[in-house]
Each structure stands twice: as structure tokens, then as C-alpha cells.
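Me: I have a model open and I'd like to go through the labels people put on it. Can we take them one by one and check each against its cut-off?

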Amino acid sequence: MENLSKGIDTSAENASGTKRSCAISGEEALALLKKYNQDEFHLRHAFTVEKVMRYFAEQLGYGDEADYWAMVGLLHDIDFEQYPDEHCRKAPELLREAGVGEDMIYSICSHGYGICSDLEPVHEMEKVLFAVDELTGLVWSAALMRPSKSTKDMEVKSLKKKFKDKRFAAGCSREVIAQGAERLGWELDDLFEKTILAMRACEDEIEI
Ligand SMILES: [Fe+2]
């Protein structure tokens with residue numbers, strides 16, 4: 001694989017640094033997202049991952065870094081709509097230009113590890129992002145098939161069926177989801193349950 005991390009600070013200190021702070025404000029991050037994303041599906045995905053990341057930060061004991069986790073979620077696919085063939089490779093330029101810090105750029109690009117990035121998820125936050133990115137897509141597709149069109153009455157059992165049916169939401173990589181659970185050291189069922197709970201908690205807050 002070519003060197004995809006060119007220009008990004010990949011030092012261990014940065015990758016596993018402790019206290020992280022957002023270099024730009026929430027309003028600036030939202031404006032940045034909207035500058036490069038107009039598609040409703042993409043915006044919903046960004047807002048979902050933003051809120052799911054905030055939920056996990058709080059659940060996993062990183063409450064003081066919840067804004068950081070949320071912003072990583074919001075901006076993780078910043079380049080996908082306009083530069084799908086350069087996903088995770090165009091992002092550093094767009095983010096840097098807007099004043100996003102190098103540690104956040106690393107975190108964002110690590111969600112494409114093994115696919116379009118050679119930056120490995122190191123911090124627990126990066127591992128959560130890697131695991132929930134594809135999974136939130138699968139959960140939402142499954143929710144839309146339900147009479148309720150909601151995650152609120154979704155059980156792990158029914159999500160497992162959708163996970164096993166490779167034709168359903170075929171674009172959501174089962175391999176990445178399974179690898180995500182493994183990186184976190186969580187059972188797949190556990191990841192499913194936590195992610196359904198996270199999405200239930202934030203579903204009503206998402207407005208496009
Ligand atoms: Fe994503």
C-alpha cells in the first residue's frame with residue numbers, strides 16, 4: 001500500500017495522547033461538514049455517528065472529551081461525498097485548511113484503516129469510530145424496514161439476522177464491523193446491543 005499517512009503526525013504520542021481538545025468550535029465543524037456535504041443520507045450519517053460517539057464517550061468514562069469524540073464522528077466522512085475515490089486521503093487537506101488539529105485528523109482518517117488509510121485505530125475513541133461507522137448504517141437500514149421506522153423497538157436478535165443476511169444493506173461491511181468488535185475486545189452481540197442503545201438515545205435529536 002502506498003504511504004497514505006503522508007504529512008500526518010503518526011507519532012505514538014499523538015496517536016495515544018491523553019487529554020484531547022477540539023481546535024475548532026462546534027459551529028465551525030458544522031459549517032465545515034455542510035461545505036462539503038449536501039446529501040441528506042450523508043448528513044444523517046454524520047449526525048448519527050456524532051451523537052453515537054458522544055454517547056460512547058460518556059458511557060466509557062471519557063465524558064470530559066465527549067466534544068472531541070462527537071466532532072470526530074461529525075467530520076469522519078468529510079471528503080466522501082465530493083471525493084469518494086480519495087476517501088481519507090483528501091480529508092487531511094480539507095480539515096487542515098479549516099484549522100482542525102493533527103490529532104483529530106489522525107483519528108478521523110484511522111476509520112478507513114485497511115481500506116483507504118494505513119493509520120491504525122489506537123485510542124479507544126478511534127476503535128469505537130471504526131466499529132460503529134458501518135454498523136450504524138446497518139442498524140439504520142434495518143430500522144427503516146420496521147413498521148416503527150425506529151431503533152426504539154429493535155432487538156439484538158433481529159439485528160443479528162440482518163447482519164447474517166449479506167444481501168441486506170450489502171454496502172455495510174460485515175467484515176469491518178466484526179473487526180471493529182475484535183479491536184475493542186467486545187463480543188459482537190455486545191457491540192450490537194450498545195450501538196442500538198446509543199442510536200435509540202439520540203434518534204429523536206437528529207434533524208436534517
Ligand atoms: Fe462513515
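**Checking the labels**

Reply: Sure. The protein chain has 10 helices and 0 strands, and keep in mind that this is a predicted model. Reading from the N terminus, the elements go α-α-α-α-α-α-α-α-α-α.

Me: What makes the radius of gyration of the protein chain agree with a compact globule?

Reply: The rule is 2.2 Å times the number of residues to the power 0.38. For 208 residues that puts a compact globule near 17 Å, and the protein chain has 16 Å, so the two agree. Along the principal axes, the C-alpha atoms fill a box of roughly 45 × 35 × 35 Å. Buried residues are 41% of the 208. Of the contacts with a separation of 6 or more, 67% are between residues 24 or more positions apart.

Me: Why is α4 called largely enclosed?

Reply: A residue is buried if 20 or more other C-beta atoms lie within 10 Å of its own. In α4, 8 of the 10 residues are buried, so the rest of the structure largely encloses this helix. The buried ones are Tyr68, Trp69, Ala70, Met71, Val72, Gly73, Leu74 and Leu75. They pack against α2, α3, α5, α6 and α7.

Me: How do you know that α4 and α6 are oblique to each other?

Reply: Their axes cross at roughly 55° and come within 9 Å. Roughly parallel needs an angle under 35 degrees, and roughly perpendicular runs from 65 to 115. The angle here is in neither range, nor over 145, so α4 and α6 count as oblique. The crossing is right-handed. On the α4 side the contact uses Met71, Val72 and Leu75, and on the α6 side Met104, Ser107 and Ile108. That gives 5 nonpolar residues, 1 polar and no charged.

Me: And why are α7 and α9 called roughly antiparallel?

Reply: The cut-off for roughly antiparallel is an angle over 145 degrees. The axes of α7 and α9 cross at roughly 155° and come within 8 Å, and the pair is therefore roughly antiparallel. This crossing is left-handed. Lys127, Val128, Phe130, Ala131, Glu134 and Leu135 of α7 meet Val176, Ile177, Gly180, Ala181, Arg183 and Leu184 of α9. By class, the contact has 8 nonpolar residues, 1 polar and 3 charged.

Me: What about α8 and α10: at what angle do they pack, and which residues make the contact?

Reply: Helix α8 (residues 156–164) and helix α10 (residues 188–202) pack at about 115°, with axes 10 Å apart. Their crossing is right-handed. Val156, Leu159 and Lys160 of α8 make the contact with Asp189, Phe192, Glu193 and Ile196 of α10. Here the split is 4 nonpolar, no polar and 3 charged.

Me: Glutamate 134 turned up in that α7 contact. What makes glutamate 134 count as buried?

Reply: The threshold is 20 or more C-beta neighbours within 10 Å. Glutamate 134 has 21, so it counts as buried. Glutamate 134 sits in α7, residues 124–144. Leaving out residues up to four places away in sequence, glutamate 134 touches Cys172, Ser173, Val176 and Ile177. Its C-alpha atom is 9.7 Å from that of glutamate 175, which is 41 residues away along the chain.

Me: Why is tyrosine 36 called partly exposed?

Reply: Buried starts at 20 neighbours and exposed means 12 or fewer. Tyrosine 36 has 19 other C-beta atoms within 10 Å, which falls in between, so the label is partly exposed. Tyrosine 36 is in helix α2. Beyond four places in sequence, tyrosine 36 touches Ile78, Asp79, Glu81, Gln82 and Leu94. The C-alpha atoms of tyrosine 36 and aspartate 77 are 9.7 Å apart, with their positions 41 residues apart along the chain.

Me: How do you know that lysine 149 is exposed?

Reply: The limit for exposed is 12 or fewer. Lysine 149 has 11 other C-beta atoms within 10 Å, so lysine 149 is exposed. Lysine 149 belongs to the loop between α7 and α8.

Me: What is there to note about phi in lysine 149 and alanine 169?

Reply: Most residues other than glycine have a negative phi. Lysine 149 has a positive one, near 50°. Alanine 169 is not a glycine either, and its phi is positive at about 40°. Alanine 169 lies in the loop between α8 and α9. With 19 other C-beta atoms within 10 Å, alanine 169 is partly exposed.

Note on methods
Residues are numbered from 1 along each chain as its sequence is written. This is a predicted model: local features need pLDDT of at least 70, side-chain atom pairs count only at pLDDT 80 or more; totals for chains, interfaces and linings use all residues. Axes are lines fitted to C-alpha atoms, for helices over the stretch in contact, and angles run from 0 to 180 degrees between N-to-C directions. Helices (H or I, at least four residues) and strands (E, at least two) are DSSP runs, numbered from the N terminus. A crossing is left-handed if the near helix is turned anticlockwise from the far one by less than a right angle, and right-handed if clockwise. Two residues are in contact if their C-beta atoms, placed from the backbone, lie within 7 Å. Ala, Val, Leu, Ile, Met, Phe, Trp, Tyr, Cys and Pro count as nonpolar, Asp, Glu, Lys and Arg as charged, and the others, Gly among them, as polar.
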